[in-house]
Amino acid sequence: MFGPQPRDYRFKLNKKVKRLARKSALSYKVIDKNIMVLEDFEMEPRTKNFVELLNNLSLTGKKTLLVVGESKENVYLAARNIPKTKVVHASALNTYDILNANHLLISENSIAEIEKMFD
């Protein structure tokens, strides 16, 4: 009778509010000049190659979020072993990931998908 009672902590957020939050987070990154758009690239599934990319962009050791448009399994495999680095498909982009990362790298082919989210 006085034991723990299960509780539901879910919170519903409207789609329009989610979209506005995502748009505001991206605008915040643009204002702070923390967004870079990269040409589409192919990569071997080697961490060494991804670390070289981060070194060339002076992002080593910083929280980085890479947004890709197509399913790039090799890019994911190359980046998964690097701390403070995350690869996300454009359709799975969320507000928390945008705000949590210090720098946002967006591939060219993902821009169209991101724009489609806000239509």
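User: Which side chain meets that of D8 in a salt bridge?

Analyst: This is a predicted model, in which local features need pLDDT of at least 70, side-chain atom pairs count only at pLDDT 80 or more, and totals for chains, interfaces and linings use all residues. Residues are numbered from 1 along each chain as its sequence is written, and side-chain values use heavy atoms, with hydrogens and water left out. A salt bridge here is a side-chain nitrogen of Lys or Arg within 4 Å of a carboxyl oxygen of Asp or Glu. At 3.1 Å, N to O, the partner of D8 is R10.

User: Are D8 and R10 buried or exposed?

Analyst: Buried means under 20% relative accessible area, exposed over 50%, and partly exposed in between, with a 1.4 Å probe and protein chains only. On that scale, both D8 and R10 are exposed.

User: How many residues apart are K72 and E42?

Analyst: The side chains of K72 and E42 meet in a salt bridge at 3.2 Å, N to O. K72 sits in the loop between β2 and α3 (73-79) and E42 in the loop between β1 and α2 (47-56), so numbered because helices (H or I, at least four residues) and strands (E, at least two) are DSSP runs counted from the N terminus. K72 is buried at 13% relative accessible area, whereas E42 is exposed at 66%. The pair links distant parts of the chain, with a separation of 30 residues.

User: What is the relative accessible area of D97?

Analyst: D97 meets K86 in a salt bridge at 3.0 Å, N to O. D97 lies in helix α4 (residues 95-100) and K86 in strand β3 (residues 85-89), so the pair ties together parts 11 residues apart in sequence. K86 counts as partly exposed at 39%, while D97 is buried at 9%.

User: Why is strand β4 (residues 103-107) largely enclosed by the rest of the structure?

Analyst: H103, L105 and S107 cover one side and L104 and I106 the other, and all are buried. The enclosure follows because the buried residues of β4 number five of the five.

User: Which residue of β4 is the bridge partner of L38?

Analyst: Two strands pair if DSSP finds at least two bridges between them. Strand β2 (residues 64-68) is joined to β4 by four bridges and runs parallel to it, with L66 opposite L105. Strand β1 (residues 35-38) also pairs with β4 in the parallel sense, over four bridges. There, the partner of L38 is S107.
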